[in-house]
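Q: Please take a close look at one part of this structure, the site that the database record marks as active, and describe its residues and their surroundings.

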Amino acid sequence: MTQFSFSLSATDGTARTGVISTPRGEIRTPAFMPVGTAATVKAMMPESVRATGADILLGNTYHLMLRPTAERIARLGGLHKFMNWERPILTDSGGFQVMSLASLRKLTEEGVTFSSHIDGSKHHLTPERSMEIQKLLGSDIVMAFDECPALPATDAEVAKSMRLSMRWAQRSRDAFGDRPGHALFGIMQGGVTRELREESAEALKQIGFDGYAVGGLAVGEGQEAMFSVLDYAPGFLPEDKPRYLMGVGKPDDIVGAVERGIDMMDCVLPSRSGRTGQAWTRRGQINIKNARHQDDPRPLDEACTCPACRNYSRAYLHHVFRSQEMISGMLLTWHNLHYYQELMQGLRDAIAAGTLSAFVAQFHAQRAEGDIDPL
Ligand SMILES: [Zn+2]
């Protein structure tokens, strides 16, 4: 059986490209993972998600443990079978969403008690329970259970939270055990403080993981602060393991993170934007509900080969959005995910060719041009 492994094939500056091998298939890096929160990437069939070029999806432990429950998914053959996605799945640990969605949270050394945002029922999540849930789901890449402090937080609060997360990382490692073909990733915390990030990375390396995530960013600190952490934080992590930046982001965040040595990212943005009439293209963001599109026979992006751009005009996309037709979210989500995956392919090719800086310069120049002029 194929084991979980990571091999780098080229670097360009601090950027890297390579392949993560898993028994369920390869993940080309840098990789963008669409988010399938409730065992679906909203408005997309799994085969359509694959057609955009995605090698791996992200599933949310918090949502799935509440509904339909991890035990039910396990009885039905695991998450891959349940949602009809046979390729790799990464699940988060639930920690972040307990903090952002649940109510009546009570945090102790042991774990977190909280009330469901769906029906108010009471639940308990610990590192051990998070590992159990992710195993029941059948996740290929399991995330250690961590705590993400609410911002703004003082250095002392960030340090205290990070050290708790490091103790939970050890407990996650112990509970995960030995599962050939499955990977466990640790999560670096420490906010925007270099010393805390370094301390966190050292603690994780001591424990030993199959990959390492940079957590606690993309939580409202802004791109400049995020990049300033990414200027040094990936360098604290082992070179021969994948580095995952959680919850990022906009296309220019992704490009900046890849330049700084990140291998994997996930974000709801392309799918969520698709449902609110926002399209991401080479020329930046387009709001399809804008009246300037209503008579425009041209596609969103003439260079894009997705079904929304090949077969439909801006006028049609504008009409179905205004009419609140379901196909609106379907087409725009497809386009956005296609654009994101094409961007990742462009980054991978540029790193392999040693031409990343030219690629990045062109990326920014095209966005600076802005959308095509109205007819
Ligand atoms: Zn398109």
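A: **The annotated active site**

In this predicted model, Asp-92 is found in the loop between β6 (89-91) and α5 (95-101). The residue is buried, because its relative accessible area is 10%, and buried means under 20%. Neighbours within four places in sequence are set aside in the list of contacts that follows. Asp-92 is in contact with Gly-59, Asn-60, Thr-61 and Tyr-62, and also with Gln-97, Gln-134 and Met-143.

The UniProt entry, which is unreviewed, lists Asp-92 together with Asp-266 under "active site". The two span 175 residues in sequence, yet their C-alpha atoms are no more than 10.6 Å apart, so they gather at one spot. Both Asp-92 and Asp-266 belong to the lining of the largest pocket.

The second annotated residue, Asp-266, lies in a strand, β14 (residues 264-267), whereas Asp-92 is found in a loop. Asp-266 likewise counts as buried, because its relative accessibility is 8%. With neighbours within four places in sequence again left aside, Asp-266 is in contact with residues from several stretches of numbering. Among them are Phe-32, Met-33 and Val-35, then Leu-58, and then the run Tyr-244, Leu-245, Met-246, Gly-247, Val-248 and Gly-249. With one of these residues, Tyr-244, the side chain of Asp-266 also makes a polar contact of 2.7 Å.

For context, two other parts of the model may be described. One is the site of the zinc ion, whose protein donors are Cys-304 (SG), Cys-306 (SG), Cys-309 (SG) and His-335 (ND1), at 2.1 to 2.3 Å from the ion. The four donor atoms subtend angles of 101 to 113° around the zinc ion, and the arrangement is therefore tetrahedral. Along the chain, the donors follow the spacing C-x1-C-x2-C-x25-H. Within this set, Cys-309 in helix α12 (residues 307-311) and His-335 in helix α14 (residues 326-353) are 26 residues apart, and the pair links distant parts of the chain. Cys-309 is buried, with a relative accessible area of 7%, and His-335 counts as buried at 0% relative accessibility.

The other part is the setting of Ser-200, a residue of helix α8 (residues 194-207). Ser-200 counts as buried because its relative accessibility is 0%. Apart from its neighbours within four places in sequence, Ser-200 is in contact with Met-162, Met-166, Ile-187, Met-188 and Gln-189.

How values were computed
Residues are numbered from 1 along each chain as its sequence is written. This is a predicted model: local features need pLDDT of at least 70, side-chain atom pairs count only at pLDDT 80 or more; totals for chains, interfaces and linings use all residues. Side-chain values use heavy atoms; hydrogens and water are left out. Helices (H or I, at least four residues) and strands (E, at least two) are DSSP runs, numbered from the N terminus. Buried means under 20% relative accessible area, exposed over 50%, partly exposed in between (1.4 Å probe, protein chains only). Contact means heavy atoms within 4.5 Å. Donors are N, O and S atoms within 2.8 Å of the metal (3.2 Å for Na, K and Ca); water is not among the atoms, so sites may look incomplete. Four donors count as tetrahedral if all angles lie between 85 and 135 degrees; four count as square planar and six as octahedral if opposite donors are over 155 degrees apart and all others between 65 and 115; anything else is irregular. UniProt positions are given in the numbering used here, feature names are shortened, and annotations may be inferred rather than shown by experiment. On a 1 Å grid over the protein atoms alone, a cavity is a set of points where a 1.4 Å probe fits but cannot get out, and a pocket is an open set with protein on both sides within 12 Å along at least five of seven lines; lining residues have an atom within 4 Å of a point. A polar contact is a pair of N or O atoms within 3.5 Å; within protein, one must be able to donate a hydrogen and the other to accept it, and residues adjacent in sequence count only if both atoms are side-chain atoms.
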